[in-house]
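Let's take a walk through this model together, with the ligand as our starting point. Keep the 3D view open as you read, and turn it as each part comes up.

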Amino acid sequence: MDVSKTYFVTGGAGNIACQLTFPLAGAGDRVILFDIAEMPASAVADGCQYVQGDITDREQIKKAIGHYAPTTVLHLASLLSGSTEEDRELGWRVNVDGAFGLLQESLRQGVRTVVFPSSLAAYGAPLPVPVPEDHPQWPRSLYGVTKVAIERLGNYYHQQHGLDFRCLRLPIVISAQARPGAVSGYVSRAYIAACQQDPFVFQVREQSSPALIYIKDVVRAILGLATAEESRLSRRVYNVQALSPTAGQVCAAIQARRPESELRFQTDPAVTALIDSWPVRFDDQSSRRDWNWQPEYGLETMSDDFCQQLARPGPAG
Ligand SMILES: NC(=O)c1ccc[n+]([C@@H]2O[C@H](COP(=O)([O-])OP(=O)(O)OC[C@H]3O[C@@H](n4cnc5c(N)ncnc54)[C@H](O)[C@@H]3O)[C@@H](O)[C@H]2O)c1
């Protein structure tokens, strides 16, 4: 029999966190959302508790973990790539110092499992296709550097202190609720612009094809890893592959559904250099073997669902 769990979700007001609340609450689990924002960015499931707080404030983290005694922490609080580059001091404080304090408190207060989403930005060019699971990591962005730091930190807490740290390197997340702050948000923004009948300019090359993943698959991946039998895990940091269309193919998929949309390409060398430094495809054989990872959405199904979500906003879009 499954015993219900208490999930403490940092970055609980964010896009991915809000979507995670529905399956968690649906399974009867208790969900505590912790975030510096005043309120969640989009709808959350009924029954979730919301705590406004700062991940960099150790006292607040200590008190919250002590009070709610979570079995599992989903650590999603972060500045994204663009914001980290714009304010490096804050980016390091939130992403790295925040994670360190959270891991310390999780260990000290007996949290069983901590799950952390790393990113394709944790790698940097030149990269083979697919990127092997243990390929050297030399990210170009500070955001990527913070992701590598937390991967190593979590692995240390597991190896030296027995904390059940689990991490998955996600491709670029495609979501109707994507917020500004991520360089990688251009694919989501193209869909949103087209559905709202706004013009959109792709700043990448038509051939640019960083790995992508639809938000509904992100939710499945995070929960798949979070709930996997620990004895089946052969590693602590997993690659996750879903789909890798070119920007030109994404543009065509949008135009097929919104023929009136005004989409064009005007390559920005700096944006393109960064996006093209990221993995095109991950080797994710360990995820598939250890916790049965399998994406459900490809380009066509994702495009259909995305456009439907924008026509009818709600959970998981
Ligand atoms: N969106 C993507 O493409 C993508 C890809 C790979 C990994 N990820 C990772 O997934 C996680 C969630 O991403 P998201 O897309 O939901 O982003 P998001 O920006 O929607 O959510 C991040 C949340 O962190 C919160 N936050 C920022 N500073 C904080 C602080 N000091 N204290 C507490 N909360 C704070 C923000 O208010 C925000 O609600 C992040 O770790 C991100 O790096 C995202």
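How far is an oxygen atom of the ligand from an N or O atom in the side chain of Asp 35? The answer is 2.7 Å. Please bear in mind along the way that this is a predicted model.

Asp 35 has company around the ligand. A second aspartate, Asp 54, has an N or O atom of its side chain 2.8 Å from a nitrogen atom of the ligand. Right after it in the sequence, Ile 55 takes part through its backbone: an N or O atom there lies 2.9 Å from a ligand nitrogen. With these contacts in view, it helps to see how far the ligand is enclosed: on its own it has 820 Å² of accessible area, and the protein covers 91% of that.

Now widen the view to the whole shell. The ligand is surrounded by 25 residues, and the closest are Asp 35, Asp 54, Tyr 143, Lys 147 and Arg 179. Sorted by character, the shell holds 14 nonpolar residues, 7 polar ones and 4 that are charged. If you prefer to find your way by secondary structure, look for helix 1 (15-26), strand 5 (113-119), helix 5 (142-161) and strand 7 (172-174), each of which supplies at least two residues of the shell. Strand 5 gives the most, with 3 residues.

Where does the ligand sit? Its place is the largest pocket, which holds about 990 Å³ of space. The lining of this pocket takes in 44 residues, and those nearest its centre are Leu 76, Ser 78, Leu 79, Leu 80 and Arg 179. Several elements give two or more residues to this lining: helix 1, strand 2 (30-35), helix 3 (81-86), helix 4 (88-108), strand 5, helix 5 and strand 7. The largest share once again comes from strand 5, here with 4 residues. By character, the pocket lining divides into 25 nonpolar, 15 polar and 4 charged residues.

Leave the pocket now and look for enclosed space. The count of cavities of 30 Å³ or more comes to 1, and its volume is about 40 Å³. Around this cavity you will find Tyr 186, Val 187, Ser 208, Ser 209, Pro 210, Leu 212, Pro 245, Thr 246, Ala 247 and Val 250. Two elements, helix 6 (186-195) and helix 8 (247-257), give two or more residues each to that lining. Of the lining residues, 7 are nonpolar and 3 are polar, with no charged residue among them.

Finally, some backbone details deserve a look. Most peptide bonds are trans, and most residues other than glycine have a negative phi. Which peptide bond is cis, with omega near 0°? The bond from Ala 125 to Pro 126 is, and Pro 126 lies in the loop between strand 5 and helix 5. Another cis peptide bond joins Val 129 and Pro 130, with omega about -5°. Pro 130 is likewise found in the loop between strand 5 and helix 5. The last stop is Ala 69, a residue other than glycine whose phi is positive, near 45°. You can find Ala 69 in the loop between helix 2 (58-68) and strand 4 (72-75).

Methods. Residues are numbered from 1 along each chain as its sequence is written. This is a predicted model: local features need pLDDT of at least 70, side-chain atom pairs count only at pLDDT 80 or more; totals for chains, interfaces and linings use all residues. Side-chain values use heavy atoms; hydrogens and water are left out. On a 1 Å grid over the protein atoms alone, a cavity is a set of points where a 1.4 Å probe fits but cannot get out, and a pocket is an open set with protein on both sides within 12 Å along at least five of seven lines; lining residues have an atom within 4 Å of a point. Grid points are joined across faces, edges and corners, and a volume is the space filled by probe spheres set on the points. Ala, Val, Leu, Ile, Met, Phe, Trp, Tyr, Cys and Pro count as nonpolar, Asp, Glu, Lys and Arg as charged, and the others, Gly among them, as polar. A residue is near a molecule or strand if one of its heavy atoms lies within 4 Å of it. A polar contact is a pair of N or O atoms within 3.5 Å; within protein, one must be able to donate a hydrogen and the other to accept it, and residues adjacent in sequence count only if both atoms are side-chain atoms. Accessible areas come from the Shrake-Rupley method with a 1.4 Å probe; for residues, only the protein chains shown count as cover. A molecule sits in a cavity or pocket if more than half of its atoms lie within 2 Å of its grid points.
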